[in-house]
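The following exercises ask the reader to work through a protein model step by step. Each task is followed by a worked solution.

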Amino acid sequence: MASGTLYTYPDNFRAYKALIAAQYSGAQVKIADNFEFGVTNKSKDFLKKFPLGKVPAFETNDGKCLTESNAIAFYVANEQLRGKTDLERAEVIQWFGFADSEILPASCAWVFPLLGIMQYNKQAVDNAKEDVKKALTALNTHLLTRTYLVGERLTLADISVAMTLLNLYQYVLEPSQRKPYQNVNRWFQTVIYQPESIAVIGAFKLADKALEYDPKKFAESQGKTGKKEKKEKEPKEPKPKKESEPAEELDAADAVLAAEPKSSNPFDAMPKGTFDMEDFKRFYSNEDEAKSIPYFWEKFDPANYSIWFGEYKYNDELTKVFMSCNLISGMYQRLDKMRKAAFASACLFGTDNDSTISGIWVWRGQDLAFSLCPDWQIDYESYSWRKLDPSAKETKDLVKQYLSWSGTDKQGRKFNQGKVFK
(Lines give C-alpha, C1' and ligand atoms only; values in the text may rest on other atoms or scores of the structure.)
Protein backbone atom coordinates (compact mmCIF):
# COMPACT_ATOMS: atom_id res chain seq x y z
CA MET A 1 0.00 0.00 0.00
CA ALA A 2 1.35 3.42 -0.98
CA SER A 3 2.30 5.81 1.82
CA GLY A 4 4.09 9.13 2.07
CA THR A 5 3.87 12.89 2.51
CA LEU A 6 2.05 15.30 0.21
CA TYR A 7 3.33 18.87 -0.01
CA THR A 8 0.63 21.38 -0.92
CA TYR A 9 -1.16 24.55 0.10
CA PRO A 10 -4.82 24.61 1.23
CA ASP A 11 -7.63 24.18 -1.31
CA ASN A 12 -5.36 23.04 -4.13
CA PHE A 13 -7.62 21.17 -6.55
CA ARG A 14 -4.56 19.39 -7.97
CA ALA A 15 -3.78 17.92 -4.56
CA TYR A 16 -7.42 16.89 -4.15
CA LYS A 17 -6.91 14.30 -6.90
CA ALA A 18 -4.34 12.37 -4.87
CA LEU A 19 -6.14 12.83 -1.56
CA ILE A 20 -9.42 11.50 -2.94
CA ALA A 21 -7.64 8.61 -4.65
CA ALA A 22 -6.06 7.76 -1.30
CA GLN A 23 -9.47 7.75 0.35
CA TYR A 24 -10.57 5.05 -2.10
CA SER A 25 -7.40 2.97 -2.05
CA GLY A 26 -6.53 3.22 1.63
CA ALA A 27 -3.12 4.72 0.88
CA GLN A 28 -1.57 6.46 3.88
CA VAL A 29 -1.10 10.04 2.65
CA LYS A 30 -0.01 12.65 5.16
CA ILE A 31 -0.20 16.36 4.33
CA ALA A 32 3.07 18.09 5.21
CA ASP A 33 2.85 20.24 8.31
CA ASN A 34 3.59 23.97 8.19
CA PHE A 35 3.93 24.12 4.41
CA GLU A 36 4.09 27.74 3.24
CA PHE A 37 3.83 28.32 -0.48
CA GLY A 38 6.63 30.51 -1.83
CA VAL A 39 8.80 29.71 1.19
CA THR A 40 8.86 25.96 1.80
CA ASN A 41 8.95 25.09 -1.89
CA LYS A 42 11.82 27.56 -2.45
CA SER A 43 13.96 26.14 0.32
CA LYS A 44 17.19 24.29 -0.37
CA ASP A 45 15.93 21.03 1.15
CA PHE A 46 12.73 21.08 -0.90
CA LEU A 47 14.50 21.92 -4.17
CA LYS A 48 16.96 19.11 -3.58
CA LYS A 49 14.03 16.69 -3.67
CA PHE A 50 11.85 18.58 -6.18
CA PRO A 51 14.09 20.76 -8.38
CA LEU A 52 11.23 22.66 -10.07
CA GLY A 53 9.78 23.75 -6.73
CA LYS A 54 6.25 22.86 -7.86
CA VAL A 55 3.38 21.56 -5.77
CA PRO A 56 1.71 19.25 -5.18
CA ALA A 57 4.78 17.14 -4.60
CA PHE A 58 4.91 13.72 -2.99
CA GLU A 59 7.64 11.90 -1.06
CA THR A 60 7.17 8.22 -0.33
CA ASN A 61 8.07 6.86 3.08
CA ASP A 62 11.17 5.26 1.55
CA GLY A 63 12.38 8.56 0.06
CA LYS A 64 11.16 8.37 -3.55
CA CYS A 65 9.87 11.67 -4.98
CA LEU A 66 7.02 12.38 -7.38
CA THR A 67 5.64 15.56 -8.94
CA GLU A 68 2.67 16.26 -11.25
CA SER A 69 -0.74 15.74 -9.69
CA ASN A 70 -1.94 13.04 -12.08
CA ALA A 71 1.18 10.96 -11.50
CA ILE A 72 0.83 11.28 -7.72
CA ALA A 73 -2.84 10.33 -7.86
CA PHE A 74 -1.99 7.33 -10.06
CA TYR A 75 0.66 6.18 -7.58
CA VAL A 76 -1.60 6.29 -4.51
CA ALA A 77 -4.60 4.78 -6.34
CA ASN A 78 -5.67 1.13 -6.56
CA GLU A 79 -6.28 -1.08 -9.59
CA GLN A 80 -9.93 -0.06 -9.93
CA LEU A 81 -9.06 3.64 -10.06
CA ARG A 82 -6.18 3.14 -12.50
CA GLY A 83 -8.18 0.92 -14.86
CA LYS A 84 -8.29 -2.86 -14.90
CA THR A 85 -7.35 -3.38 -18.55
CA ASP A 86 -4.81 -1.82 -20.88
CA LEU A 87 -7.63 -0.05 -22.69
CA GLU A 88 -9.13 1.34 -19.50
CA ARG A 89 -5.73 2.59 -18.34
CA ALA A 90 -5.24 4.28 -21.71
CA GLU A 91 -8.67 5.89 -21.41
CA VAL A 92 -7.83 7.19 -17.94
CA ILE A 93 -4.69 8.82 -19.34
CA GLN A 94 -6.78 10.22 -22.20
CA TRP A 95 -9.08 11.97 -19.70
CA PHE A 96 -6.07 13.33 -17.81
CA GLY A 97 -5.10 15.06 -21.03
CA PHE A 98 -8.65 16.26 -21.64
CA ALA A 99 -8.81 17.86 -18.19
CA ASP A 100 -5.43 19.56 -18.50
CA SER A 101 -5.73 20.67 -22.14
CA GLU A 102 -9.42 21.31 -22.76
CA ILE A 103 -10.78 22.38 -19.35
CA LEU A 104 -7.98 23.87 -17.27
CA PRO A 105 -6.78 26.64 -19.63
CA ALA A 106 -10.33 27.88 -20.21
CA SER A 107 -11.24 27.63 -16.54
CA CYS A 108 -8.24 29.73 -15.50
CA ALA A 109 -8.83 32.33 -18.21
CA TRP A 110 -12.50 32.70 -17.19
CA VAL A 111 -12.43 32.38 -13.40
CA PHE A 112 -9.13 33.93 -12.34
CA PRO A 113 -9.91 37.46 -13.59
CA LEU A 114 -13.19 37.36 -11.68
CA LEU A 115 -11.35 36.37 -8.51
CA GLY A 116 -8.92 39.25 -9.02
CA ILE A 117 -5.80 37.10 -9.29
CA MET A 118 -5.33 37.74 -13.01
CA GLN A 119 -5.86 40.84 -15.18
CA TYR A 120 -9.25 40.95 -16.89
CA ASN A 121 -9.28 40.76 -20.69
CA LYS A 122 -12.80 40.63 -22.14
CA GLN A 123 -11.79 38.90 -25.36
CA ALA A 124 -9.81 36.27 -23.47
CA VAL A 125 -12.73 35.65 -21.10
CA ASP A 126 -15.21 35.40 -23.98
CA ASN A 127 -12.92 32.93 -25.74
CA ALA A 128 -12.60 30.93 -22.53
CA LYS A 129 -16.38 30.73 -22.16
CA GLU A 130 -16.65 29.27 -25.65
CA ASP A 131 -13.90 26.76 -24.91
CA VAL A 132 -15.69 25.70 -21.72
CA LYS A 133 -18.91 25.21 -23.68
CA LYS A 134 -17.13 22.98 -26.19
CA ALA A 135 -15.56 20.89 -23.44
CA LEU A 136 -18.82 20.53 -21.51
CA THR A 137 -20.73 19.67 -24.67
CA ALA A 138 -18.26 16.88 -25.45
CA LEU A 139 -18.53 15.62 -21.88
CA ASN A 140 -22.31 15.81 -21.95
CA THR A 141 -22.46 13.68 -25.10
CA HIS A 142 -20.03 11.12 -23.69
CA LEU A 143 -22.04 10.81 -20.47
CA LEU A 144 -25.43 10.47 -22.17
CA THR A 145 -25.36 6.68 -21.78
CA ARG A 146 -22.65 6.39 -19.11
CA THR A 147 -22.50 6.81 -15.35
CA TYR A 148 -18.73 7.24 -15.30
CA LEU A 149 -16.12 8.30 -17.85
CA VAL A 150 -14.34 4.93 -18.06
CA GLY A 151 -15.99 1.58 -17.50
CA GLU A 152 -18.81 0.94 -15.04
CA ARG A 153 -17.15 2.22 -11.88
CA LEU A 154 -15.45 5.41 -10.77
CA THR A 155 -11.82 5.82 -11.84
CA LEU A 156 -9.07 8.42 -11.73
CA ALA A 157 -10.54 9.81 -14.94
CA ASP A 158 -13.64 10.92 -13.02
CA ILE A 159 -11.61 12.30 -10.12
CA SER A 160 -9.20 14.25 -12.34
CA VAL A 161 -11.85 15.81 -14.59
CA ALA A 162 -14.22 16.62 -11.70
CA MET A 163 -11.49 18.32 -9.68
CA THR A 164 -10.46 20.37 -12.72
CA LEU A 165 -14.09 21.52 -13.03
CA LEU A 166 -14.34 22.62 -9.39
CA ASN A 167 -13.61 26.31 -9.96
CA LEU A 168 -16.12 26.52 -12.78
CA TYR A 169 -18.91 24.92 -10.78
CA GLN A 170 -18.05 26.94 -7.69
CA TYR A 171 -17.74 30.39 -9.22
CA VAL A 172 -19.35 30.77 -12.66
CA LEU A 173 -21.59 27.87 -13.66
CA GLU A 174 -24.79 29.27 -12.16
CA PRO A 175 -28.05 27.32 -12.81
CA SER A 176 -28.69 28.87 -16.23
CA GLN A 177 -25.08 28.23 -17.32
CA ARG A 178 -25.13 24.57 -16.35
CA LYS A 179 -28.69 23.79 -17.49
CA PRO A 180 -27.64 22.58 -20.99
CA TYR A 181 -25.30 20.00 -19.47
CA GLN A 182 -27.59 17.80 -17.38
CA ASN A 183 -25.52 14.66 -17.95
CA VAL A 184 -22.36 16.42 -16.80
CA ASN A 185 -24.15 17.92 -13.79
CA ARG A 186 -25.45 14.52 -12.73
CA TRP A 187 -22.02 12.90 -13.14
CA PHE A 188 -20.16 15.79 -11.42
CA GLN A 189 -22.39 15.65 -8.37
CA THR A 190 -22.11 11.87 -8.26
CA VAL A 191 -18.34 12.19 -8.04
CA ILE A 192 -18.05 15.07 -5.56
CA TYR A 193 -20.74 13.79 -3.21
CA GLN A 194 -19.12 10.41 -2.68
CA PRO A 195 -18.00 10.00 0.96
CA GLU A 196 -14.40 9.76 -0.23
CA SER A 197 -14.66 13.13 -1.97
CA ILE A 198 -16.51 14.81 0.89
CA ALA A 199 -13.78 13.66 3.27
CA VAL A 200 -11.32 15.79 1.25
CA ILE A 201 -13.22 18.76 -0.20
CA GLY A 202 -16.12 18.96 2.22
CA ALA A 203 -19.74 19.59 1.30
CA PHE A 204 -19.24 21.33 -2.04
CA LYS A 205 -21.79 24.01 -2.99
CA LEU A 206 -22.69 24.71 -6.59
CA ALA A 207 -22.75 28.37 -7.65
CA ASP A 208 -26.09 30.11 -7.10
CA LYS A 209 -24.93 33.15 -9.06
CA ALA A 210 -21.90 33.66 -11.26
CA LEU A 211 -19.17 35.97 -10.04
CA GLU A 212 -19.16 39.35 -11.73
CA TYR A 213 -16.09 41.27 -12.80
CA ASP A 214 -14.91 43.83 -10.25
CA PRO A 215 -11.83 45.84 -11.36
CA LYS A 216 -11.01 46.64 -7.73
CA LYS A 217 -10.21 43.01 -6.96
CA PHE A 218 -7.17 42.81 -9.19
CA ALA A 219 -5.87 46.17 -7.98
CA GLU A 220 -6.24 45.04 -4.37
CA SER A 221 -4.52 41.73 -5.03
CA GLN A 222 -1.57 43.46 -6.63
CA GLY A 223 -1.25 46.19 -4.02
CA LYS A 224 -0.13 49.69 -4.87
CA THR A 225 2.23 49.56 -7.83
CA GLY A 226 3.56 52.09 -10.29
CA LYS A 227 2.37 52.30 -13.88
CA LYS A 228 5.56 50.75 -15.20
CA GLU A 229 5.24 47.74 -12.90
CA LYS A 230 1.60 47.27 -13.80
CA LYS A 231 2.45 47.28 -17.47
CA GLU A 232 5.10 44.65 -16.96
CA LYS A 233 2.69 42.40 -15.07
CA GLU A 234 -0.14 42.69 -17.57
CA PRO A 235 -0.61 39.23 -19.12
CA LYS A 236 -0.61 38.70 -22.83
CA GLU A 237 -3.42 37.04 -24.74
CA PRO A 238 -3.46 33.35 -23.71
CA LYS A 239 -1.63 31.17 -26.23
CA PRO A 240 -2.51 27.62 -27.20
CA LYS A 241 -0.62 25.19 -25.03
CA LYS A 242 2.12 23.14 -26.62
CA GLU A 243 1.94 19.42 -26.14
CA SER A 244 5.44 19.41 -24.68
CA GLU A 245 4.69 21.89 -21.90
CA PRO A 246 3.93 20.47 -18.44
CA ALA A 247 0.18 20.60 -17.83
CA GLU A 248 0.78 21.84 -14.30
CA GLU A 249 2.26 25.13 -15.57
CA LEU A 250 -0.66 26.22 -17.73
CA ASP A 251 -2.04 28.71 -15.23
CA ALA A 252 1.31 30.52 -14.85
CA ALA A 253 2.45 28.33 -11.97
CA ASP A 254 0.96 27.45 -8.61
CA ALA A 255 1.55 30.98 -7.33
CA VAL A 256 -1.60 32.01 -9.17
CA LEU A 257 -3.67 29.30 -7.52
CA ALA A 258 -2.21 30.09 -4.12
CA ALA A 259 -2.98 33.79 -4.47
CA GLU A 260 -6.56 34.19 -3.31
CA PRO A 261 -8.51 37.42 -3.47
CA LYS A 262 -8.07 39.37 -0.28
CA SER A 263 -11.11 39.32 1.94
CA SER A 264 -11.76 40.80 5.33
CA ASN A 265 -11.48 38.47 8.29
CA PRO A 266 -14.58 38.87 10.49
CA PHE A 267 -12.46 38.31 13.60
CA ASP A 268 -10.47 41.47 12.86
CA ALA A 269 -13.51 43.66 13.54
CA MET A 270 -14.11 42.10 16.98
CA PRO A 271 -12.52 43.23 20.26
CA LYS A 272 -9.38 41.25 20.99
CA GLY A 273 -10.12 41.13 24.69
CA THR A 274 -7.60 39.82 27.18
CA PHE A 275 -7.27 36.23 25.92
CA ASP A 276 -4.04 35.85 23.96
CA MET A 277 -4.83 32.93 21.66
CA GLU A 278 -1.27 32.53 20.38
CA ASP A 279 0.09 32.53 23.91
CA PHE A 280 -2.31 29.76 24.93
CA LYS A 281 -1.50 27.69 21.84
CA ARG A 282 2.21 27.85 22.63
CA PHE A 283 1.59 26.91 26.25
CA TYR A 284 -0.69 24.03 25.26
CA SER A 285 1.90 22.73 22.78
CA ASN A 286 4.77 22.86 25.25
CA GLU A 287 3.15 21.77 28.51
CA ASP A 288 1.16 18.74 29.56
CA GLU A 289 -2.58 18.96 30.18
CA ALA A 290 -2.18 19.18 33.94
CA LYS A 291 -0.78 22.67 33.38
CA SER A 292 -2.29 23.78 30.06
CA ILE A 293 -5.96 23.22 30.97
CA PRO A 294 -5.81 25.32 34.18
CA TYR A 295 -3.86 27.88 32.15
CA PHE A 296 -6.71 28.03 29.64
CA TRP A 297 -9.27 28.82 32.32
CA GLU A 298 -6.94 31.32 33.99
CA LYS A 299 -6.55 33.28 30.73
CA PHE A 300 -9.93 32.72 29.03
CA ASP A 301 -11.97 35.89 28.38
CA PRO A 302 -15.68 34.91 28.26
CA ALA A 303 -16.77 38.43 27.33
CA ASN A 304 -14.94 38.35 24.01
CA TYR A 305 -14.53 34.64 23.28
CA SER A 306 -16.92 31.70 23.19
CA ILE A 307 -16.69 27.91 23.48
CA TRP A 308 -18.60 25.58 21.17
CA PHE A 309 -19.19 21.85 20.96
CA GLY A 310 -19.40 20.31 17.48
CA GLU A 311 -20.60 16.80 16.66
CA TYR A 312 -20.33 15.18 13.23
CA LYS A 313 -23.81 14.38 11.89
CA TYR A 314 -22.95 11.39 9.73
CA ASN A 315 -21.03 9.09 12.03
CA ASP A 316 -22.85 6.07 10.59
CA GLU A 317 -21.00 6.74 7.30
CA LEU A 318 -17.54 6.67 8.88
CA THR A 319 -15.46 3.66 7.92
CA LYS A 320 -11.68 3.41 8.34
CA VAL A 321 -10.24 5.42 11.24
CA PHE A 322 -7.48 6.95 9.12
CA MET A 323 -10.06 8.15 6.58
CA SER A 324 -12.09 9.77 9.34
CA CYS A 325 -8.96 11.48 10.65
CA ASN A 326 -8.28 12.77 7.13
CA LEU A 327 -11.78 14.24 7.18
CA ILE A 328 -10.88 16.24 10.30
CA SER A 329 -7.55 17.33 8.81
CA GLY A 330 -9.25 18.38 5.60
CA MET A 331 -11.65 20.62 7.49
CA TYR A 332 -8.78 22.18 9.42
CA GLN A 333 -6.87 22.81 6.22
CA ARG A 334 -9.80 24.58 4.59
CA LEU A 335 -10.27 26.80 7.65
CA ASP A 336 -6.68 28.01 7.67
CA LYS A 337 -7.71 31.69 7.76
CA MET A 338 -9.45 31.14 11.11
CA ARG A 339 -6.32 30.01 12.92
CA LYS A 340 -5.18 33.33 14.40
CA ALA A 341 -8.35 33.75 16.46
CA ALA A 342 -9.56 30.16 16.85
CA PHE A 343 -8.53 26.88 18.46
CA ALA A 344 -10.04 23.42 18.37
CA SER A 345 -9.43 19.91 19.59
CA ALA A 346 -11.38 17.21 17.78
CA CYS A 347 -11.49 13.58 18.83
CA LEU A 348 -12.37 10.35 17.11
CA PHE A 349 -13.89 7.73 19.37
CA GLY A 350 -14.23 4.06 18.47
CA THR A 351 -12.71 1.83 15.82
CA ASP A 352 -13.04 1.05 12.11
CA ASN A 353 -16.71 1.10 11.00
CA ASP A 354 -17.84 2.08 14.49
CA SER A 355 -16.70 5.59 15.35
CA THR A 356 -17.80 9.16 16.03
CA ILE A 357 -16.21 12.59 15.62
CA SER A 358 -16.75 15.52 17.95
CA GLY A 359 -14.74 18.42 19.30
CA ILE A 360 -14.37 21.57 21.33
CA TRP A 361 -13.90 24.88 19.49
CA VAL A 362 -12.89 28.26 20.89
CA TRP A 363 -12.96 31.49 18.88
CA ARG A 364 -13.22 35.25 19.15
CA GLY A 365 -16.77 36.57 19.40
CA GLN A 366 -20.05 35.11 20.62
CA ASP A 367 -21.63 33.94 17.33
CA LEU A 368 -21.15 30.76 15.32
CA ALA A 369 -18.02 31.79 13.43
CA PHE A 370 -18.59 29.76 10.27
CA SER A 371 -21.67 31.76 9.31
CA LEU A 372 -19.67 35.01 9.36
CA CYS A 373 -17.55 34.34 6.28
CA PRO A 374 -18.29 32.44 3.02
CA ASP A 375 -14.74 31.04 3.05
CA TRP A 376 -15.51 29.20 6.29
CA GLN A 377 -18.78 27.55 5.26
CA ILE A 378 -17.52 24.46 3.44
CA ASP A 379 -17.69 21.81 6.17
CA TYR A 380 -19.52 23.23 9.15
CA GLU A 381 -23.01 22.09 8.06
CA SER A 382 -21.85 18.49 8.46
CA TYR A 383 -21.72 19.15 12.20
CA SER A 384 -24.28 20.11 14.82
CA TRP A 385 -23.11 23.07 16.92
CA ARG A 386 -23.90 23.98 20.50
CA LYS A 387 -22.64 27.02 22.36
CA LEU A 388 -21.38 26.17 25.84
CA ASP A 389 -21.65 28.14 29.05
CA PRO A 390 -18.06 28.80 30.23
CA SER A 391 -19.20 28.74 33.88
CA ALA A 392 -21.01 25.39 33.64
CA LYS A 393 -19.50 22.18 35.03
CA GLU A 394 -20.37 20.39 31.77
CA THR A 395 -18.16 22.84 29.86
CA LYS A 396 -15.29 22.38 32.30
CA ASP A 397 -15.56 18.62 31.89
CA LEU A 398 -15.75 18.75 28.09
CA VAL A 399 -12.77 21.10 27.82
CA LYS A 400 -10.76 18.80 30.07
CA GLN A 401 -11.76 15.70 28.09
CA TYR A 402 -11.10 17.08 24.63
CA LEU A 403 -7.92 18.97 25.46
CA SER A 404 -6.49 15.91 27.21
CA TRP A 405 -7.76 13.44 24.57
CA SER A 406 -9.38 11.02 26.96
CA GLY A 407 -12.65 9.35 27.95
CA THR A 408 -15.46 8.05 25.79
CA ASP A 409 -18.22 9.41 23.58
CA LYS A 410 -21.92 9.35 24.56
CA GLN A 411 -22.25 5.73 23.46
CA GLY A 412 -19.21 4.58 25.40
CA ARG A 413 -16.74 4.33 22.51
CA LYS A 414 -13.19 4.84 23.75
CA PHE A 415 -10.94 7.66 22.58
CA ASN A 416 -8.89 6.62 19.53
CA GLN A 417 -7.21 9.68 17.99
CA GLY A 418 -7.25 13.45 18.29
CA LYS A 419 -6.30 16.43 16.14
CA VAL A 420 -5.73 20.03 17.19
CA PHE A 421 -6.50 23.15 15.17
CA LYS A 422 -4.00 25.79 16.22
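Two residues are in contact if heavy atoms of theirs lie within 4.5 Å. The model used throughout is predicted.

**Exercise 1. The protein as a whole**

Task: State how many helices and strands the protein has, and find what share of its residues is buried.

Solution.
Step 1. The protein contains 18 helices and nine strands.
Step 2. Of its 422 residues, 47% are buried.
Step 3. Consider the contacts with a separation of 6 or more: 75% of them are between residues 24 or more positions apart.
Step 4. The exposed area is about 21100 Å², and 51% of it is supplied by carbon and sulfur atoms.

**Exercise 2. The open sheet**

Task: Determine the order of the strands in the five-stranded open sheet, and explain why strand 8 and strand 9 each have one side without a neighbour in the sheet.

Solution.
Step 1. Strands of a sheet pair through backbone hydrogen bonds, in a parallel or an antiparallel manner.
Step 2. In this sheet the order is 8-5-7-6-9, and the pairing is antiparallel.
Step 3. Strand 8 (383–388) and strand 9 (415–421) stand at the edges; each has a single partner strand, so one side of each lacks a neighbour in the sheet.
Step 4. From one strand to the next, the twist averages 20°.
Step 5. Strand 5 (residues 305–312) runs antiparallel to strand 8, and six bridges join the two. Within this pair, W308 has K387 of strand 8 as its bridge partner.
Step 6. Helix 15 (residues 277–286) packs on the sheet and touches strand 5, strand 6 (342–351), strand 7 (354–364) and strand 9. The direction of helix 15 makes about 40° with that of strand 6.
Step 7. Helix 18 (residues 393–404) also packs on the sheet, where it touches strand 5, strand 6, strand 7 and strand 8. Its direction makes about 75° with that of strand 6.

**Exercise 3. Classifying residues by exposure**

Task: Decide whether S324, N34 and E68 are buried, partly exposed or exposed.

Solution.
Step 1. The cut-offs are under 20% relative accessible area for buried and over 50% for exposed, with partly exposed in between.
Step 2. S324 has a relative accessible area of 2%, so this residue is buried. It belongs to helix 17 (residues 321–334). Apart from neighbours within four places in sequence, S324 contacts L318, T319, L348, S355 and I357.
Step 3. N34 counts as exposed because its relative accessibility is 75%. This residue lies in the loop between strand 2 (28–31) and helix 2. Its phi is near 55°, a positive value in a residue other than glycine.
Step 4. E68, at 26% relative accessible area, is therefore partly exposed. E68 is located in the loop between strand 4 (65–67) and helix 3 (69–76). The phi of E68 is near 75°, again a positive value in a residue other than glycine.

**Exercise 4. A pair of helices**

Task: Describe how helix 5 and helix 6 pack, giving the angle and the distance between their axes.

Solution.
Step 1. Helix 5 (residues 86–115) and helix 6 (residues 122–142) pack at an angle of about 145°, and their axes are 8 Å apart.
Step 2. The crossing of helix 5 past helix 6 is left-handed.
Step 3. Among the residues that make the contact are W95, F98 and W110 of helix 5, together with V125, V132 and L139 of helix 6.
Step 4. By class, this contact has 13 nonpolar, two polar and three charged residues.

Note on methods: Residues are numbered from 1 along each chain as its sequence is written. This is a predicted model: local features need pLDDT of at least 70, side-chain atom pairs count only at pLDDT 80 or more; totals for chains, interfaces and linings use all residues. Side-chain values use heavy atoms; hydrogens and water are left out. Helices (H or I, at least four residues) and strands (E, at least two) are DSSP runs, numbered from the N terminus. Buried means under 20% relative accessible area, exposed over 50%, partly exposed in between (1.4 Å probe, protein chains only). Two strands pair if DSSP finds at least two bridges between them. Axes are lines fitted to C-alpha atoms, for helices over the stretch in contact, and angles run from 0 to 180 degrees between N-to-C directions. Accessible areas come from the Shrake-Rupley method with a 1.4 Å probe; for residues, only the protein chains shown count as cover. A crossing is left-handed if the near helix is turned anticlockwise from the far one by less than a right angle, and right-handed if clockwise. Ala, Val, Leu, Ile, Met, Phe, Trp, Tyr, Cys and Pro count as nonpolar, Asp, Glu, Lys and Arg as charged, and the others, Gly among them, as polar.
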